[in-house]
Amino acid sequence: MFSIKSALAKPFAKRVFKRVQKWANNPVKTQEKVFQDLISTAAQTQFGRDHDFISINNYHDFVKRVPVRDYEALKPYVEKVVAGEENILWKGKPIYFAKTSGTTSGSKYIPITKESMPTHVEAARNAILMYIHETGNAKFVDGKMIFLQGSPILEEQNGIQLGRLSGIVAHYVPKYLQKNRLPSWETNCIEDWETKVDAIVEETLPENMTVISGIPSWVQMYFEKLQEKTGKKIGDIFKNFNLFIFGGVNYEPYRAKFENLIGRKVDSIELYPASEGFFAYQDKQNQKGMLLQLNSGIFYEFIKADEFFNDNPKRIPIAEVEIGVNYVMIISTNAGLWAYNIGDTVEFTSTKPYRVIVSGRIKHFISAFGEHVIGKEVEQAMQEATLNTVVRVSEFTVAPQINPTKGLPYHEWFIEFENEPENLSALAQKIDQSLQKQNSYYFDLIAGKVLQPLKITTVKKGGFQDYMKSVGKLGGQNKIPRLANDRIIAEHLSAE
């Protein structure tokens with residue numbers, strides 16, 4: 001059946017494709033313009049005055065005056081913005097704070113300004129339009145689309161609204177998609193995740209679902225509930241479902257499971273959104289990597305990951321990056337983040353145009369389900385759980401168990417005890433409670449029944465030493481990674 005909406009989508013996609021090509025084919029000039037705009041706009045802010053922006057004429061000047069910072073180092077400025085002060089990191093006040101789980105001191109408040117907000121929306125839109133332009137497939141725009149996301153209910157603090165990024169973005173769905181979009185506003189506002197997914201299942205079952213979008217772990221839960229209710233494959237329930245849009249975690253560990261749940265292959269688009277900016281999206285179905293957004297009010301710098309912890313690591317702009325090198329990505333943005341380390345590492349798969357894959361975090365971490373658990377958190381959890389007990393731990397490491405033989409996925413803790421506890425499950429419960437308390441993402445995943453509480457696997461005496469010896473890293477400065485986002489070490493320890 002002929003549809004005006006799908007017919008119009010193709011010429012619109014062609015126009016957007018041409019606009020994207022214009023900056024993608026002129027990357028250095030594009031980034032230079034972004035850089036100059038950022039510096040001139042923020043010159044009279046407190047941060048701009050403190051760092052003498054008025055005398056910054058080029059990238060070399062910027063590197064000399066503005067050190068690389070993470071959230072904790074930028075926090076004194078952010079706290080002034082949160083308190084309602086104006087012209088601190090960016091002109092005026094932000095329009096939102098994206099509230100995220102902090103790594104060392106509770107919640108982080110990431111500013112989103114009237115200049116930065118449109119770039120989040122435009123990048124998500126363009127990802128879909130680039131897909132339409134490449135494949136010629138626009139039929140899905142006539143069907144229903146689901147975006148699994150956080151609640152759009154926002155709080156207010158000193159005149160600035162705050163909430164999770166996905167909840168903020170929910171307020172910016174284009175009018176032409178409003179009728180196609182699910183879940184309903186009422187369902188989207190349900191805070192309890194399990195209740196919300198049950199409601200989404202009821203709402204979507206009778207619909208012509210064509211696009212499904214979300215973090216893979218959340219979408220998997222939705223698919224499993226649909227299958228449980230109907231006894232059918234997802235592809236049979238939604239015969240026109242042909243596009244899965246995802247971001248937040250690596251999809252590869254989920255791919256086989258998803259194809260089994262769906263019953264067939266579907267096209268997918270990978271996104272790289274974050275509270276700090278929408279950095280990249282997949283622009284080609286047959287190319288590895290995502291197109292880095294060089295024209296979105298973000299100026300990028302890169303530091304080689306293996307040099308990052310040196311005293312004075314070299315910072316480089318886009319023009320100097322190489323394919324296949326692991327870089328820490330540093331950003332300066334029109335939301336007022338300056339030489340800011342978001343903690344991600346990326347590798348370039350192409351420089352014509354610039355495409356990246358997310359290779360991990362600069363510190364060891366687990367985020368197989370979007371939980372962003374870091375070394376400090378697992379160490380503190382272990383410390384708290386064994387305090388004032390006879391339990392002594394020789395060594396431990398943590399890995400995600402994505403496909404257990406039964407039950408929900410979980411974090412598997414491999415522990416070599418010097419003095420073993422009488423009750424292993426009681427210790428596991430204590431560790432899990434501490435981790436939930438420290439990390440709100442992990443808490444949400446447990447509460448939402450996406451993960452089950454952690455499990456402990458005991459490692460024989462000397463097991464970790466045997467592992468280090470087997471990989472040629474016994475002794476010296478070599479340490480067992482406290483946690484990993486894969487199961488390379490876990491599989492070795494499990495085989496012992």
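Trainee: Which way do L243, I245 and G247 point from β8, and which way do F244 and F246 point?

Mentor: Read a strand by its two faces. This is a predicted model. L243, I245 and G247 point one way from β8, while F244 and F246 point the other way. All of these residues are buried.

Trainee: How many residues of strand β8 are buried?

Mentor: Count along the strand. β8 spans residues 243–247, and 5 of its 5 residues are buried. That makes the strand mostly covered.

Trainee: Which strands are joined to β8 by bridges?

Mentor: Look at the partners one by one. Strand β7 (residues 209–213) is joined to β8 by 3 bridges, and the two run parallel. Within that pairing, S213 stands opposite I245. Strand β9 (residues 267–274) is joined to β8 by 5 bridges, again parallel. There, G247 has L271 as its bridge partner.

Trainee: Now the cores. Which residues have the most contacts inside the largest nonpolar core?

Mentor: Start with the total, then find the hubs. This core has 93 residues. L292, F302, M329 and W338 have the most contacts inside it. Helix α6 (residues 117–135) gives the most to this core, with 8 residues. Apart from it lies another core, of 53 residues. F246 from β8 is among its members, as are A381, Y442 and L483.

Trainee: What is L292 in contact with, leaving aside neighbours within four places in sequence?

Mentor: Take the list as a local map. L292 is in contact with W23, F279, A280, Y300, F302, I318, M329, F348, Y354 and V356. Two of the hubs, F302 and M329, appear there.

Trainee: Where does UniProt place the feature "domain: GH3 middle"?

Mentor: Treat a record as a label, then check the model. The unreviewed UniProt entry places that feature at residues 294–351. Over residues 294–351 the chain is 0% helix and 45% strand. The end C-alpha atoms are 12 Å apart.

Trainee: How many cavities of 30 Å³ or more are there, and which residues line the largest?

Mentor: Count, then volume, then lining. The count comes to 5 cavities of 30 Å³ or more. The largest has a volume of about 60 Å³. Its lining is V81, I88, L89, W90, G92, K93, P94, P111, T113 and A335.

Trainee: Take P111. Why does P111 count as buried?

Mentor: Compare its accessibility with the cut-off. P111 has 5% relative accessibility, and buried means under 20%, so P111 counts as buried. P111 lies in strand β2 (residues 107–112). Not counting residues up to four places away in sequence, P111 touches P94, Y96, F97, A335 and L337. P94 and A335 also line the largest cavity.

Key:
Residues are numbered from 1 along each chain as its sequence is written. This is a predicted model: local features need pLDDT of at least 70, side-chain atom pairs count only at pLDDT 80 or more; totals for chains, interfaces and linings use all residues. Side-chain values use heavy atoms; hydrogens and water are left out. A nonpolar core is a set of buried Ala, Val, Leu, Ile, Met, Phe, Trp, Tyr and Cys residues joined through side-chain atoms within 4.5 Å. Buried means under 20% relative accessible area, exposed over 50%, partly exposed in between (1.4 Å probe, protein chains only). Helices (H or I, at least four residues) and strands (E, at least two) are DSSP runs, numbered from the N terminus. Contact means heavy atoms within 4.5 Å. Two strands pair if DSSP finds at least two bridges between them. UniProt positions are given in the numbering used here, feature names are shortened, and annotations may be inferred rather than shown by experiment. On a 1 Å grid over the protein atoms alone, a cavity is a set of points where a 1.4 Å probe fits but cannot get out, and a pocket is an open set with protein on both sides within 12 Å along at least five of seven lines; lining residues have an atom within 4 Å of a point. Grid points are joined across faces, edges and corners, and a volume is the space filled by probe spheres set on the points.
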